[in-house]
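Hi everyone, thanks for coming along. I'd like to walk you through a structure today, so please have the picture open as I talk.

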Amino acid sequence: MAERIFGKIKENVRLDIDHFILKVDVFRHIEIKPGQFFMIRAWEDIPVLNRPFSVFDYKDNIIQFFIKIKGKGTELLSKLKIDEEIFLLGPSGNGFQNCENYLAVGAGMGIAPINYTSTIFNLETIYAVNTHVSYMNFSDSEFNVWTLDGTSGEKGNAIDAIKKFYNNKIHKGIIACGPEKFLEYLIKFCKEKNIPLQVSFEEKMACGTGLCMSCAKKVKDDIIKICQDGPVVRY
Amino acid sequence: MKNVFGKEICFSPEIKGIKFKNPILTASGTCGFGVELKDFFELSSIGGIVLKGTTLLPKDGNECPRIAEFNGGIVNSIGLQNPGINGFINDISPKLYNCNTNIITNISGNTIDEYQQMCEIIENEKVIDCIEINISCPNVKMGGISFGTDSNTVFELVSNCRAITSKPLIVKLTPNITDITKIALSAQKAGADAVTCINTFKGLLFDIEKNDFSLKNIVGGVSGPAIKPMALFAVYECAKVLDIPIIGVGGIMNFNDALEFLKVGASAVQIGTATFKDPANPAIIARLIEREWGKYD
Ligand SMILES: Cc1cc2nc3c(=O)[nH]c(=O)nc-3n(C[C@H](O)[C@H](O)[C@H](O)COP(=O)(O)OP(=O)(O)OC[C@H]3O[C@@H](n4cnc5c(N)ncnc54)[C@H](O)[C@@H]3O)c2cc1C
Ligand SMILES: Cc1cc2nc3c(=O)[nH]c(=O)nc-3n(C[C@H](O)[C@H](O)[C@H](O)COP(=O)(O)O)c2cc1C
Ligand code: FES
């Protein structure tokens, strides 16, 4: 159930020019399912809306977010200092469920919800990015790194990686998060191959808690609220 | 506490015999069907809940993106996604029994007949205390021009609903018009028990990076802090000419903003976009109003 949580910055780790990890102390235990997200705010009235971020990691009352700077909101978050206050609304959404022995795939920033999920379920994990990034050891988990240009790990995109790694003797399905085009392709791919799939979607959100209907998305002939009935959809 | 017209402001305002325990309500479309807010505060701590705009038949709403942001507010084009009045009554309204606050249904239609049919259905629904008529909707019979921009149409719409319902009728005015007082007066003449000032302003945003409109629907409704001065002006102008109560809404982010609306002529206020910042805001503002009430002249 989503709650109003007043946390404090424990650590703000800058990974490179536009990526950082925000560690937030929430001072108590909160029940968080892998794949859930929080609406976050650390400013007064402007920007008007809170910003949604997936849980990247969580233990000992510290929630971690892996964030890419895009605009004003993420810029403000990137500048937060230790002990500064931060407002969290969540955890929201359904999260990944029953995905023991699934292959986990995070493309780009899609690694954020995948990381916590693969930690909880102890999953083999692919991290696919365009090019080498300087912060490859930012998570406690180990990833199979794939880059489009081959500057780190193996050369290829996330689909190439899945084709190489997915083994129906070991894996029971795939969980994935990443750019919409990749997810669309993956949905088709898994349907053809009859592979159970859970994907986490993004949509613009005003409330993140089911109040406003701004996050409605048509999936499998139904219109769902990504913030409540998603962000994870099972295929 | 007195308003700028020298009139005493009532802490527990009344509309057609229905009492509001304090002057703080939620705004339609920003609090779901009220049920969703129960996780964040006791619904009984505020004067009333205005539910998501409801239509006669279920509606899917517009394509996404339905929301875009600018410095000072948001633009939405939800397109009235809702389960229809009967869907609400069957599936949602039982969850609102015993919530100990006033429940106000916000209705939208394509024709006067649709509004009337909804009033008829609502008449027998005990959970609903008041009806708020959203007149910003396009009037299909008049080529899609909003009902709320023509005073004769508003008179016809409101008097036809008045003929059907004994529940308090609140008319929610659109600001997308030259002189809002003309429409307000016609609603009053047709038998409205109160008006809500104001619905969203028409607007759009363009996303340079995408090289496309920010909203799939192109046009949306502007809300949030940026519209507060215009909303205050609309309340003030209406207060000069109306005898019925005015509910102020538009850009109220905190207790101080709420007070400004009461000062310039509103009897109650609705909290909209501020609920996205913190879903407990309606209750927080209500608590502050209660605590600070005696401190202002
Ligand atoms: C469920 C969910 C989980 C997410 N998890 C992460 C994460 O773990 N790490 C991360 O870096 N990013 C994540 N995002 C994307 C992140 O929310 C946006 O990058 C962020 O809101 C951008 O805000 P801004 O002010 O910096 O950018 P701006 O572009 O200035 O934002 C303008 C508006 O658009 C919205 N917006 C912009 N991009 C997105 C997007 N991709 N999805 C939804 N809304 C967007 C903003 O919330 C804001 O309302 C997630 C999005 C969703 C929906
Ligand atoms: C996402 C969203 C949905 C809305 N839906 C409705 C609606 O269904 N019916 C209605 O009369 N007004 C609707 N409104 C308008 C609000 O009730 C309110 O009049 C407006 O947002 C101005 O107040 P604010 O600045 O406090 O948000 C909606 C506003 C928003 C932001
Ligand atoms: S973001 Fe408001 S309902 Fe999903």
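Let's begin where Ile112(B), Tyr115(B), Gln116(B) and Cys119(B) of helix α2(B) touch Glu156(B), Leu157(B), Asn160(B) and Cys161(B) of helix α3(B). Sorted by type, the residues in this contact are five nonpolar, two polar and one charged. Please keep in mind that we are looking at a predicted model.

How do the two helices lie against each other? Helix α2 covers residues 112–123 of chain B, and its axis comes within 9 Å of the axis of α3(B), with a crossing angle of roughly 25°. Angles under 35 degrees count as roughly parallel, and that makes α2(B) roughly parallel to α3(B). The crossing of this pair is right-handed.

Now stay with α3(B), and look at its contact with another helix. Helix α3 spans residues 151–162 of chain B and helix α4 spans residues 180–189 of chain B; their axes come within 8 Å and cross at roughly 25°. So α3(B) and α4(B) are roughly parallel to each other as well. Here too, α3(B) passes α4(B) in a right-handed crossing.

Which residues make this contact? From α3(B) we have Ser151(B), Val154(B), Phe155(B) and Val158(B), and from α4(B) there are Lys182(B), Ile183(B), Ser186(B), Ala187(B) and Lys189(B). By type, that gives five nonpolar, two polar and two charged residues.

Next, let's move out to the place where the chains meet. How many residues does each chain bring to the contact? Chain B gives 31 residues and chain A gives 31 residues. Together, chain B and chain A bury about 2500 Å² between them, and 62% of that is on carbon and sulfur atoms. If you want residues to click on, try Glu69(B), Phe276(B) and Lys277(B): they supply 25% of the area that chain B buries against chain A, more than any other three residues.

There are charged pairs here too. Four salt bridges are counted between chain B and chain A, while the structure as a whole holds 18 over all chains. One to find on your screen joins the side chains of Glu69(B) and Arg51(A), at 2.8 Å from N to O. This pair crosses between chains, running from strand β5 of chain B, where Glu69(B) sits, to strand β4 of chain A, residues 51–54, where Arg51(A) sits. You may remember Glu69(B) from a moment ago, as one of the three residues behind that 25% of chain B's buried area. Another salt bridge links Asp278(B) with Arg4(A), and its closest N and O atoms are 2.8 Å apart.

Last stop: some backbone details in the loops. Where can you find a cis peptide bond? One joins Cys64(B) and Pro65(B), with omega at about -5°. Pro65(B) belongs to the loop between β4 (48–50) and β5 (67–70) of chain B. The peptide bond from Cys197(B) to Ile198(B) is also cis, with omega near 15°. To find Ile198(B), go to the loop between β12 (194–197) and β13 (201–203) of chain B.

Over in chain A, have a look at Asp60(A). Its phi is near 50°, a positive value in a residue other than glycine. Asp60(A) lies in the loop between β5 (57–59) and β6 (62–68) of chain A.

That's my tour. Thanks for listening, and I'm happy to take questions!

Note on methods:
Residues are numbered from 1 along each chain as its sequence is written. Chains are lettered from A and ligands numbered from 1 in the order in which they are written. This is a predicted model: local features need pLDDT of at least 70, side-chain atom pairs count only at pLDDT 80 or more; totals for chains, interfaces and linings use all residues. Side-chain values use heavy atoms; hydrogens and water are left out. Axes are lines fitted to C-alpha atoms, for helices over the stretch in contact, and angles run from 0 to 180 degrees between N-to-C directions. Helices (H or I, at least four residues) and strands (E, at least two) are DSSP runs, numbered from the N terminus. Angles under 35 degrees count as roughly parallel, over 145 as roughly antiparallel, 65 to 115 as roughly perpendicular and the rest as oblique. A crossing is left-handed if the near helix is turned anticlockwise from the far one by less than a right angle, and right-handed if clockwise. Contact means heavy atoms within 4.5 Å. Ala, Val, Leu, Ile, Met, Phe, Trp, Tyr, Cys and Pro count as nonpolar, Asp, Glu, Lys and Arg as charged, and the others, Gly among them, as polar. Buried area is the accessible area (1.4 Å probe) that two parts lose on being put together, summed over both.
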